[in-house]
Number of protein chains: 6
Amino acid sequence: MISDARSHPADVAAILVEALPYIREFAGSVVVVKFGGNALAGSEDPDAALASFADDIVLLRSVGLLPVVVHGGGPQIAELLGRLGIRSEFRDGLRVTDAETLEIARMVLVGKVNSEIVSAINVHGPLAVGLSGIDANLIRADALHEDLGFVGNITDIDPTIITRLLAQGLIPVVATVGADLLGQAYNINADTVAGALAASLGAAKLVVLSDVDGIRRDPADASSTIAKITADQLDELVRNGTAGGGMAPKAQACASAVRAGVAAAHLLDGRVAHAVLLELFTDSGVGTMVTP
Amino acid sequence: MISDARSHPADVAAILVEALPYIREFAGSVVVVKFGGNALAGSEDPDAALASFADDIVLLRSVGLLPVVVHGGGPQIAELLGRLGIRSEFRDGLRVTDAETLEIARMVLVGKVNSEIVSAINVHGPLAVGLSGIDANLIRADALHEDLGFVGNITDIDPTIITRLLAQGLIPVVATVGADLLGQAYNINADTVAGALAASLGAAKLVVLSDVDGIRRDPADASSTIAKITADQLDELVRNGTAGGGMAPKAQACASAVRAGVAAAHLLDGRVAHAVLLELFTDSGVGTMVTP
Amino acid sequence: MISDARSHPADVAAILVEALPYIREFAGSVVVVKFGGNALAGSEDPDAALASFADDIVLLRSVGLLPVVVHGGGPQIAELLGRLGIRSEFRDGLRVTDAETLEIARMVLVGKVNSEIVSAINVHGPLAVGLSGIDANLIRADALHEDLGFVGNITDIDPTIITRLLAQGLIPVVATVGADLLGQAYNINADTVAGALAASLGAAKLVVLSDVDGIRRDPADASSTIAKITADQLDELVRNGTAGGGMAPKAQACASAVRAGVAAAHLLDGRVAHAVLLELFTDSGVGTMVTP
Amino acid sequence: MISDARSHPADVAAILVEALPYIREFAGSVVVVKFGGNALAGSEDPDAALASFADDIVLLRSVGLLPVVVHGGGPQIAELLGRLGIRSEFRDGLRVTDAETLEIARMVLVGKVNSEIVSAINVHGPLAVGLSGIDANLIRADALHEDLGFVGNITDIDPTIITRLLAQGLIPVVATVGADLLGQAYNINADTVAGALAASLGAAKLVVLSDVDGIRRDPADASSTIAKITADQLDELVRNGTAGGGMAPKAQACASAVRAGVAAAHLLDGRVAHAVLLELFTDSGVGTMVTP
Amino acid sequence: MISDARSHPADVAAILVEALPYIREFAGSVVVVKFGGNALAGSEDPDAALASFADDIVLLRSVGLLPVVVHGGGPQIAELLGRLGIRSEFRDGLRVTDAETLEIARMVLVGKVNSEIVSAINVHGPLAVGLSGIDANLIRADALHEDLGFVGNITDIDPTIITRLLAQGLIPVVATVGADLLGQAYNINADTVAGALAASLGAAKLVVLSDVDGIRRDPADASSTIAKITADQLDELVRNGTAGGGMAPKAQACASAVRAGVAAAHLLDGRVAHAVLLELFTDSGVGTMVTP
Amino acid sequence: MISDARSHPADVAAILVEALPYIREFAGSVVVVKFGGNALAGSEDPDAALASFADDIVLLRSVGLLPVVVHGGGPQIAELLGRLGIRSEFRDGLRVTDAETLEIARMVLVGKVNSEIVSAINVHGPLAVGLSGIDANLIRADALHEDLGFVGNITDIDPTIITRLLAQGLIPVVATVGADLLGQAYNINADTVAGALAASLGAAKLVVLSDVDGIRRDPADASSTIAKITADQLDELVRNGTAGGGMAPKAQACASAVRAGVAAAHLLDGRVAHAVLLELFTDSGVGTMVTP
């Protein structure tokens, strides 16, 4: 498994000497990792992709970081809706979510995607615990817009249950369903939840794994990926459409997280093996880093 | 809401004097409550039934008991399978569970029934946390029988995550899905899980709520309900068919729990308002109590 | 022992549902209960009255409240003075207390009444510990008036010894003798001590048990008992004599306690069986409640 | 206050060098000190004797020892019985104690002698707490002999309340009244209680202060005081009458305490100023030391 | 070992009664004791002097004080420099310290004098731990004057390592070598270190042991020793030369320590047996006490 | 500082994935590192070698390991003896150590080499604390052989002071001087101390840094270095002289350490940059590993 670099001890030593201070720096720090539903649905080998992601999360924890996983599940929800013959209307790219659709979405997010991620991690030991936003009232929400039905807007985050699980050495895996005071559930954008959760936890890092390698000046040009950007500059790219489409909520989550005190947010290509490790533990990175 | 009894202070005082020692006795004790899927599916007003159940669980916790809820969801699973046009084969009354059926069952148990119970409790505050048996490897399982597919048999229970949540004042709500060492999930009978969990937690009580008022000598005669029975006597009733059908796994769960150290198990009619409170806090009971 | 109410489970359940939230609310709260010397001396069956009172105190503690008992002993002091042929002069209804009278009073309060209450509670277990105000300098006092001799006025309360005993699960029983910096003892009105102690302990409740059923608008009319009154209104009733005689210091203790932060004070008829339980754990009460 | 020894620093240094290791040795150790009622009643200046005793107890505690005071009160009881015209019958030197006598004895022990000792100590600060054997069921007793009425025999000691008060830096002062399971009180010999309490506390020392300077070979010859004696030798002196009269129970308490694990017991003349300090903190002693 | 004073128990008792409150007062307090290199080098029997000093330090600790020893080693350094034929230049009485001289000084202070003091104390048990100012960066220093080479000036004291060792019941013994941020070592005046360390530790006492009996109004007249002096008065004596020569840095260390919050500083003749004990535990002293 | 390996993220990731489990495995483990006096004396740039060693020790601690440094100082002792014109006799390769030689050795080890290592580490922060075996009686010793004078043999190790410093996040640096019960010091072989200390601390690793790259089958052939060897095989190499000379005590220390429970011992070439990191955190090693 080890490459030719092993034949040069000086190179190995250099990498260790570079990595160890980062490990020390982040030990005890919360790192919120957003893992997209596309990563599972769109991968050639979803099981292998999930297992590799689980490996990295377990490695992070093994050296003292406190990872929190947040996930979505759009493709998987669409698939079950399709099987049940339920058709959705879309407004501004958001699925109008009636009661039946919400029930399907919740079952998929909490009872399928979340469970699969927890299972993949727990092959390594009793480490992960699945949560949704209704557990211990983690996420309070109301309707984002009256026309969208049960698409949720975060009104409050109470991260107590997360911090307690972290204190016990556990890895929370969060499905992004919330509820209002009467117990009515809402489905919420996972990027938005990841950003808000990172802020409320005082996380050192927010890492958003998607299927692109960061923000590009020219979306069509892989060599135009931006290594480092401020929140203000990122806002501008969202405004002018450079960071548009599915990248927009990711960009906004990163910008608002760093403004709320998260030291840095990272947009990485989750398809690169061990992208999280490379980003956290080496001087150079593999995606776009957002700073205040 | 208060009945005429309030006009007689001596009666009220007598009830308090009777109840307070029970409250003291059970304070700090774990009580595992099995809440059947039928209670939701079969009730005239499922929302009210669920809210009333949630009230009782919150009251138990408020006076110092440590309730753990275990639930099934058979009718709800059947309903979604029906909508998807999936037909199941049954052997000895058990549904043969292939991979697709298992995925549906898990979505319903974890993503629907569990979430609904957690939501109902959390209207009272950030109290409940939903779990399935894969969280922190709570329930390890393998196949109950090769012909039944992913119907599970409990091989190990690690109640650490439950005891930690209890220690933090939280109410665990457990969906009865487990997994093997490779992460393969199984669907497990909820009565069996409740009994095994009560045993591994050293619970003071196992309370099984169903839609009958306990074990009857003559199933057709409501007046033949048995108030108190030993585990051995109960085994005999299972063997001779008096406690047959759906009552059999409930009876066996009770018998094995008390043999494993649980002080008493109770089979109650969950449709009686506040049945759990009456059973725990008064001298007389409202169902069948099983003792070693 | 249980009344006919038992035949109506719904009534019992209603009482439990009503009582449990109070139990939760008061768990961990300090409740100062003033038990008058008259209750022992004037009862038809003093031993039974004392035993019943002890039962209630033990029940309060068993469900997590922290009861503190304060008592007087006027009739018992008078009885021993009589046997020794010591005659007392009275001014404004207060006994002029010379050194010999003080010694007799202290022996009766600390060596007789206090010991009897402690004994009655400790039949239930090693629960009660008798204290006087000189123990750990709980109550500092000086002379109330130069003409009254060793009748004391509270100058300082140091509740440390009380809070420590409470923290160990014990029930302090306090005889109302204090001392000045030189060790000179004083006999102090027990109602006044109960009020001051409740204030310094941050008690949730002050309960004053006497032989009337609360404050009456017309002292001769039992049906004129006031259910709820503010401290200011109560002051007015003392001023105009409606709450006069022995009721005046009780009323003043209640008023000053609630002004000092005690949530509520209650004047109850200690002759009603379990009056304390009914007052604390039901919606309606059995005496007069004083609020700020 | 300081004698001429002060003019010789070498002498002072020698005394300090001798005393410091004893202080270290006994720091954290329980020392039970029996203070006889005679010391108060028979002294020329009872107030000064009590104050001097209190000084020593406070000094012991100030250097880390854990003193427990046990006291009697025979002369004081006799005095009040006399004033009330109650005559007692004696059998084998023990007062036959009927219910009325017991009530008087308890009032005097708990309400007078105990309170006076507590007061004298607490002039130095909130240090002493008075207890009788009924507090937290410290001393369980039954009748010593059917002919003697309520003269008690110790059946059980539960020193929990003592150890808790000691752990809080407090000085327990114990009046030797106990009770049976029904709450019936008994008056118990104070020397016996002191010995039993020292044993149950695992005390390092039992110090019995009386009005003689130890055990003498010839009771009439002050120069025949025995410096050191074993429990067995002491038994022989009791048997042959050399240690007779009031000395017998003191001797037996010392012998049984050292047999039960107390490292040493001391019989001292409480009239010698600071006798306790001299005995504990210097190489030579001022009375009789009893060893196993 | 004990003088004739033992024949007068009243004298012994008086000394104990005088000493015990001081022991109580200083228990838990830090006492910094400066032990001069002259005490070892100039004593007739250096081994006995060191053993006696160690005895006193162990006795202080045994009764709950927290002694910290600071030492110099001028004569011992001079001796090794002499053997190596290294000659030093002096300016204003201070040795110009080049790199070679510093290395010799450090070896003598840390590897000889410090080790000998630690060894002498540890004959009594595992009590002392040797430190120099570089351990855990206890003393940060820079050059006192460019002409003096590596003679150090204290820039910062971080007493963490001292307080931790004290918390574990250990006796720190400090050699007065410090270092700058780059690790360059400096030799620092031991009186100055003792004063600064006492201040930063919030010590109750600074005790400077030398070979004179305190500050004298007339240096030639032993009877002119000043018993008590304020920091301001002491400054004046330094200014006018009365406290000159080697006494000046001692006087300044005492003055600055009491100004920085140390309750009192003492200049004692270390040759008087047990001088520290006599000074700390008796009303009169054996040297000069400096107060703010 | 980073080599070309950085241009291949997959290689970097592979090294991290390989290293992280080791970091997890050794976090919280004690690693005893023997640093030879030759490393300082024989290096071309002693300051750089010491700084590089200090870097590695600080990095180990930064990722949660608990390093303990043990050092010798033979060349440095020889150098000072030479300057002082002291000639030593040798027997079996060991220097006969009289009192004067011992004093020189102690000054060099404790006051020079130890201080230099502590200084080099503490440039990174207040991390290291120098100790010798006399501190808190860490190492008890007696004479190894009557002909060798004060060459010591370890009789007892009390690692309490080491474990306490480790628990406070500090790095103990140990000079290998011990003492007997009377305080007589001895100079002890540093390899032997390192092995015994590793055993008594229950260390996970003993790392012996010297100027060869491990044990060779043919001492003259660098390519014959043995990667892995058992304690028994190593004994044989010592016996037949393959591991002779200065390698013998190192080999014996490793063999006895692993026999006493240390998981593995490593003989490394301390001149290879970051040899300790490469050995601990990669699959392949850079020297000889000794296992039980």
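This is a walk through the contacts between chains in a predicted model, with stops at a few of its helices.

Let us begin with chain A and chain F. A turn of 179° with a shift of 0.0 Å along the axis lays chain A on chain F, and the RMSD is 0.0 Å. That is how two copies stand to each other about a two-fold axis. The two copies also use the same surface, since 97% of the contact residues of chain A recur in chain F.

What does that contact look like in numbers? On each side there are 33 residues: 33 of chain A are in contact with 33 of chain F. If you would like to find them on chain A, look at α1 (9-26), α3 (46-62) and α10 (275-281), the elements that each give two or more residues to the side touching chain F. The largest share comes from α1(A), with 15 residues. Sorted by class, this side of chain A holds 22 nonpolar, 7 polar and 4 charged residues.

Helix α1(A) deserves a visit of its own. Its 18 residues reach 26 Å from the first C-alpha to the last, close to the 26 Å expected at 1.5 Å a residue. Which of its residues are buried? They are A:Asp11, A:Val12, A:Ala13, A:Ala14, A:Ile15, A:Leu16, A:Ala19, A:Leu20, A:Ile23 and A:Phe26. The partners of these buried residues lie in both chains: they pack against α10 of chain A, together with α1 (9-26), α3 (46-62) and α10 (275-281) of chain F. After the helix comes A:Gly28, with a positive phi near 85°.

Now move to chain D, where α1 (residues 9-26) can be checked in a similar way. The helix has 18 residues, and at 1.5 Å a residue they should span 26 Å; the end C-alpha atoms are 26 Å apart, so the two figures agree. Among the buried residues of α1(D) are D:Asp11, D:Ile15, D:Leu20 and D:Phe26. The buried residues of this helix pack against α10 (275-281) of chain D and also against α1 (9-26), α3 (46-62) and α10 (275-281) of chain E. Just after α1(D), D:Gly28 takes a positive phi of about 85°.

Back on chain A, there is also a contact with chain B to explore. Here 34 residues of chain A are in contact with 34 residues of chain B. On the chain A side, α5 (99-122), β5 (128-132) and α6 (160-167) each supply two or more residues. Helix α5(A) gives the most, 13 residues. The class count for this side of chain A is 17 nonpolar, 10 polar and 7 charged residues.

Some pairs of chains do not meet. Chain A and chain D do not touch, and their nearest C-alpha atoms are 32 Å apart. Chain B and chain E do not touch either, with their nearest C-alpha atoms 32 Å apart.

For a last stop, look inside chain B at helices α7 (residues 190-201) and α9 (residues 247-259). How do they cross? Their axes come within 8 Å and cross at roughly 10°. An angle under 35 degrees counts as roughly parallel, and so α7(B) is roughly parallel to α9(B). Residues of α7(B) at this meeting include B:Asp191, B:Ala194 and B:Ala198, while those of α9(B) include B:Lys250, B:Ala253 and B:Ala257. The residues of this helix contact divide into 7 nonpolar, 3 polar and 2 charged.

Terms used
Residues are numbered from 1 along each chain as its sequence is written. Chains are lettered from A and ligands numbered from 1 in the order in which they are written. This is a predicted model: local features need pLDDT of at least 70, side-chain atom pairs count only at pLDDT 80 or more; totals for chains, interfaces and linings use all residues. Copies are superposed by least squares on the C-alpha atoms of residues with pLDDT of at least 70 in both. Two residues are in contact if their C-beta atoms, placed from the backbone, lie within 7 Å. Helices (H or I, at least four residues) and strands (E, at least two) are DSSP runs, numbered from the N terminus. Ala, Val, Leu, Ile, Met, Phe, Trp, Tyr, Cys and Pro count as nonpolar, Asp, Glu, Lys and Arg as charged, and the others, Gly among them, as polar. Axes are lines fitted to C-alpha atoms, for helices over the stretch in contact, and angles run from 0 to 180 degrees between N-to-C directions. Angles under 35 degrees count as roughly parallel, over 145 as roughly antiparallel, 65 to 115 as roughly perpendicular and the rest as oblique. The expected span of a helix is 1.5 Å times one less than its number of residues. A residue is buried if 20 or more other C-beta atoms lie within 10 Å of its own, exposed if 12 or fewer, and partly exposed in between; C-beta atoms are placed from the backbone.
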